[in-house]
Amino acid sequence: MTKIVSAEAHLVDIPVETVRTDAVQAFLKQETIFVDLRTDDGLAGTGYSYTIGTGGHAVLSMLRDHLLPRLAGRDAREVEAIWRDLFASTRATTVGAITSLALAAVDTALWDLRCLRAGEPLWRLAGGFRRAVPVYDTEGGWLHLPLDDLVRSALAAQESGLGGVKLKIGKPRLEEDAERVAAVRAAVGPGFDIMVDANQSMTYSEARRRAHALEPYGVYFFEEPLPADDVQGHRELARSTSIPVAVGESMYSVGQFRDYLARGAAGVVQADVARVGGISPWLKVAHLAEAFNVALCPHFLMELHVSLVAAVPAGTYVEHIPQLRAVTRAELPIENGHAIAPDEPGLGIAWDRDAMDDLRVS
């Protein structure tokens, strides 16, 4: 049998590993919402989602008060049916961040169970395209870092074999952003990718100005230049610059990605498995990206995204931001600039249960 006999959720606050700032916010802590599911055949699956400092208790309440009670007795193999039922049961709060984050914690736990039951790793069961995927670093590119530190971090990433680095932009003046990108390009030379990320901080006109100023430096993509709901603005910006426009970390449904892709407003898709509602909708976005011949470079969650990027043809890059080391017993292996997807059955994340208990929020 495969019936769910137990469904529990809890919240763990994971401190940030380093100071992280961008044009609009600071990453204060990772509120990590875990869901543990057990089935009557003796299997246990764990899923999770996160916030960067606010809303974790709201996600936990959504799970405990509304979603988890609906799982009792359900067949854990029916992942799509369960996702759709939970989504429909919270119709008044969809599409929205709190509901999507709650759905993701359940859905990733169901996928963990699916992989464990099949005896397969996630990267293979979700598609099995390849096991090793390229990595770029963001940890050395935060907005508060001085120029010398940006250059030093970029050179270290290049020396380690990574494929590129992402620099946060959105300084008060265009010249400051251009100086920082120019300095990194001069240090690393050609053949090394530089991404930039404005974190939705700009108007259309300002984003267009900065894109044109950064074009000479061969920028790989320009991430979240405008508010995420400004599809038209992203479309016009994409038409005005040779730099691919990257969007997706702040989108919470497959339909939002469809609209961007159909209107030519996205040159790179950055679906975040937690924010889009789990592995099931993430894979739909991945196949949409492939259908539109657009690269997929997901946001954050490298420990989970490595397996998903490895699973699908559109997968292009994994973003390097370590954040789970406080609650895991093994780090993501990176060899020759490529992250290696775990090959053991399940999600492949080695949770440290004692450490999780120590950081649990009552």
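**Figure 1. Strand β5 and its parallel partners.** In this predicted model, strand β4 (residues 132–137) and β5 run parallel and are joined by 2 bridges. Within this pairing, Y136 stands opposite G164 of β5. Strand β5 also pairs with β6, again in the parallel sense, over 5 bridges. One position in that pairing is V165, whose bridge partner in β6 is I194.

**Figure 2. Burial of strand β5.** Strand β5 spans residues 164–168, and 5 of its 5 residues are buried, so the strand is largely enclosed by the rest of the structure. Both faces are covered. G164, K166 and K168 are buried on one side, while V165 and L167 are buried on the other.

**Figure 3. Surroundings of D197.** D197 is found in strand β6, which comprises residues 193–197. The relative accessible area of D197 is 0%, so the residue counts as buried. A polar contact of 2.7 Å joins the side chain of D197 to that of K168. With residues up to four places away in sequence set aside, D197 touches K166, L167, K168, I169, E223, E224 and E249.

**Figure 4. The buried face of helix α7.** Helix α7 covers residues 204–214, and A207, R210, A211 and L214 in this helix are buried. Viewed down the axis of α7, the buried residues fall within an arc of 105° and therefore line one face of the helix. These buried residues pack against α6 (174–188), β6, β7 (219–223) and α8 (231–240).

**Figure 5. The largest nonpolar core and a second, separate core.** The largest nonpolar core has 113 residues, and L63 and W282 have the most contacts inside it. Helix α3 (residues 97–118) gives the most to this core, contributing 10 residues. A second core, separate from the largest one, has 7 residues, including Y136, F221, A246 and C297.

**Figure 6. Contacts of W282.** W282 is one of the residues with the most contacts inside the largest nonpolar core. Apart from neighbours within four places in sequence, W282 is in contact with A271, D272, V273, V276, L296, P298, H305, L308, V309 and V312.

**Figure 7. Two buried cysteines.** C115 has a relative accessible area of 0% and is therefore buried. C297 likewise counts as buried, because its relative accessibility is 0%. A disulfide is a covalent bond between the sulfur atoms of two cysteines. The count of disulfides in the model comes to 0.

Key. Residues are numbered from 1 along each chain as its sequence is written. This is a predicted model: local features need pLDDT of at least 70, side-chain atom pairs count only at pLDDT 80 or more; totals for chains, interfaces and linings use all residues. Side-chain values use heavy atoms; hydrogens and water are left out. A nonpolar core is a set of buried Ala, Val, Leu, Ile, Met, Phe, Trp, Tyr and Cys residues joined through side-chain atoms within 4.5 Å. Buried means under 20% relative accessible area, exposed over 50%, partly exposed in between (1.4 Å probe, protein chains only). Helices (H or I, at least four residues) and strands (E, at least two) are DSSP runs, numbered from the N terminus. Contact means heavy atoms within 4.5 Å. A polar contact is a pair of N or O atoms within 3.5 Å; within protein, one must be able to donate a hydrogen and the other to accept it, and residues adjacent in sequence count only if both atoms are side-chain atoms. A disulfide is a pair of cysteine sulfur atoms within 2.5 Å. The arc is that of the directions from the helix axis to the C-beta atoms. Two strands pair if DSSP finds at least two bridges between them.
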